[in-house]
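User: I have a structure open and want to learn how to read it. Can you walk me through it, feature by feature?

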Amino acid sequence: MSAEQLSKLSLSDMVTTRAGARTGPPQTPQESPASSPISPTPSLIESVNGHKYDVSTFDEELRRRAKIGLVKDDNSIRMRFCGEAGDGTKYFFHLDDDITVKLERARVPKCSCGVAQDGEACKHIFWILGQLSSVLPQNETIQLAQDGSSVRNTHPANVLKNQGLDQFADHLNWIIEDDLPDRDELEDEVSNMLSVFEPTGALPAEFKSEDTRELSEKSRMYREFKDIVLEQASQCPSFYLRLTQLITREYQVKQFFGEINRRIDRALKALDEYIEKGPTNRSSEALDVVACAARLRNLVQAVEDYRKDLEDSDDEEQDGEDLIERLAAAALLKVLDEVTSRNYDAYADSAWGMGMSSSSPGQNNLFVCLIGLPSEEEPGFFVLDSLRTMGSHIIRHHSVALGDIEVLLRNTPETSPAYLNAFRTLLQDKRKRAASPSGGSSAKRTMQ
Ligand SMILES: [Zn+2]
């Protein structure tokens, strides 16, 4: 439900007919304005967002408390987190300064500050009532019970039960206890979020690495900044919640693959630079064939680790998983496409490379380096190992590009037979799985 829809509801809409609150008598008789004594001091208080509360039955001290809770913006009452128990009969609100307010059906609200007693609520209870009634229309005066057990004739626990704590939490930016991350998760998540702004474009795993030897001053400073944010997020769950709403998983994923693609381009550009200017060129980044191959392998591994991290995380919603798979496949295919188009002696035409032409294809040919040579140091199939773990729909989505690469591999004598076989098996398997009715429905990932 949107905030707008929520705001259109009245509290009485939120109450079941069975509760009889719509037509029944007020739960606390003395709160009826008709029976209340006329007070010489203001009997209506108005909150900053325009809600009017009838406190005509309250004495001076109680009005003061209600005013602090309902009106004062700087009352320093802040929600840390909230929760429910007893299947929606009990709710608790953990506030700053270790204060806990408990709301239980048919009972008087309690607060750990100790001020609420003798049928009179404290400022914290009034604050909670103010939060719950902030979604009501502003044109009606809101009746409050002195002990906080009703807002417009409805027990606040019933309001929460009927509307759902999560609806209020969404609307008011509260965090629910079950959603609170533990310290390790919090640290990991804050690091993931802040890595997207890392000044040198560090990937999340690099940002979290404890090896700080190579870091620039700016990157060191940024890590300290992250520690400050982390401290704040662990003390204030609503601050953490706002961070997660701003730096969403989707945004993080897009930034990650943006950086991966930039690094792929950079590695290939550095190879071209090397081919053109040779090993003595020091003016810009230059990578020879072997170094470029190693760089590309590392990038493919970084993508693999990123995918695995998400799989291992116990995030039940797994939002962004499909996005990760789609962007991962696109980046991997880009690498494969580039590598398969570089099946030649890179140094053959270089003015400086006369002496290099005698080097072996394993050293001067990027394609042979990564796809053509079975290597004991680098077992497995470059890029293919990742593609094989992807859902059928992801592979199908790229079937044209993959088909083209298959033709190219087949017609290239340098392709290692094992690689070609594995490549064909991948395409055949995914085609078969797509064709079988059970295969289609059992696919873990679904197309969006
Ligand atoms: Zn209190």
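User: What is the mean pLDDT of the chain, and what share of its residues reach 70 or more?

Analyst: Start with confidence, as this is a predicted model. The mean pLDDT is 84. Of the residues in the chain, 83% reach 70 or more.

User: Where does pLDDT stay under 50?

Analyst: Over residues 10–40, for one; the model has 48 contacts there beyond four places in sequence. Residues 439–448 also stay under 50, with 14 such contacts. Where pLDDT is low, predicted coordinates should not be read in detail.

User: Now the sheet. In what order do the strands of the open sheet run, and is the pairing parallel or antiparallel?

Analyst: Read the order of neighbours, then the pairing sense. Here the order is 3-4-5-6, and the four strands pair antiparallel. Strand 3 (79–85) and strand 6 (110–111) are the edges. Each has a single partner strand, so one side of each lacks a neighbour in the sheet.

User: How many bridges join strand 3 and strand 4?

Analyst: Six, in the antiparallel sense, with strand 4 covering residues 90–95. To fix the register, take one pair: Met79 has Leu95 of strand 4 as its bridge partner.

User: Which strands do helix 3 and helix 4 touch or lie across?

Analyst: For each helix, look for the strands and then the angle. Helix 3 (residues 123–133) packs on the sheet and touches strand 4, strand 5 (99–104) and strand 6. The direction of helix 3 makes about 60° with that of strand 5. Helix 4 (residues 156–163) lies across strand 4 and strand 5, at about 80° to strand 5.

User: How do helix 2 and helix 3 cross, and which residues make the contact?

Analyst: Take distance, angle, hand, then residues. The axes of helix 2 (residues 60–70) and helix 3 come within 7 Å and cross at roughly 50°. The two helices are therefore oblique to each other. The crossing is right-handed. Helix 2 contributes Arg65, Ala66, Ile68, Gly69 and Leu70, while helix 3 brings Lys123, His124, Phe126, Trp127 and Gly130. By class, that makes five nonpolar, three polar and two charged residues.

User: At what angle do helix 10 and helix 11 pack, and how do the contact residues divide by class?

Analyst: Helix 10 (residues 249–277) and helix 11 (residues 289–312) pack at about 170°, axes 9 Å apart. They are therefore roughly antiparallel. Among the residues that meet are Phe256, Ile260 and Arg263 in helix 10, and Val289, Cys292 and Arg295 in helix 11. This contact has 13 nonpolar, no polar and two charged residues.

Note on methods
Residues are numbered from 1 along each chain as its sequence is written. This is a predicted model: local features need pLDDT of at least 70, side-chain atom pairs count only at pLDDT 80 or more; totals for chains, interfaces and linings use all residues. Two strands pair if DSSP finds at least two bridges between them. Two residues are in contact if their C-beta atoms, placed from the backbone, lie within 7 Å. Axes are lines fitted to C-alpha atoms, for helices over the stretch in contact, and angles run from 0 to 180 degrees between N-to-C directions. pLDDT is the predictor's confidence in each residue, from 0 to 100. Angles under 35 degrees count as roughly parallel, over 145 as roughly antiparallel, 65 to 115 as roughly perpendicular and the rest as oblique. A crossing is left-handed if the near helix is turned anticlockwise from the far one by less than a right angle, and right-handed if clockwise. Ala, Val, Leu, Ile, Met, Phe, Trp, Tyr, Cys and Pro count as nonpolar, Asp, Glu, Lys and Arg as charged, and the others, Gly among them, as polar.
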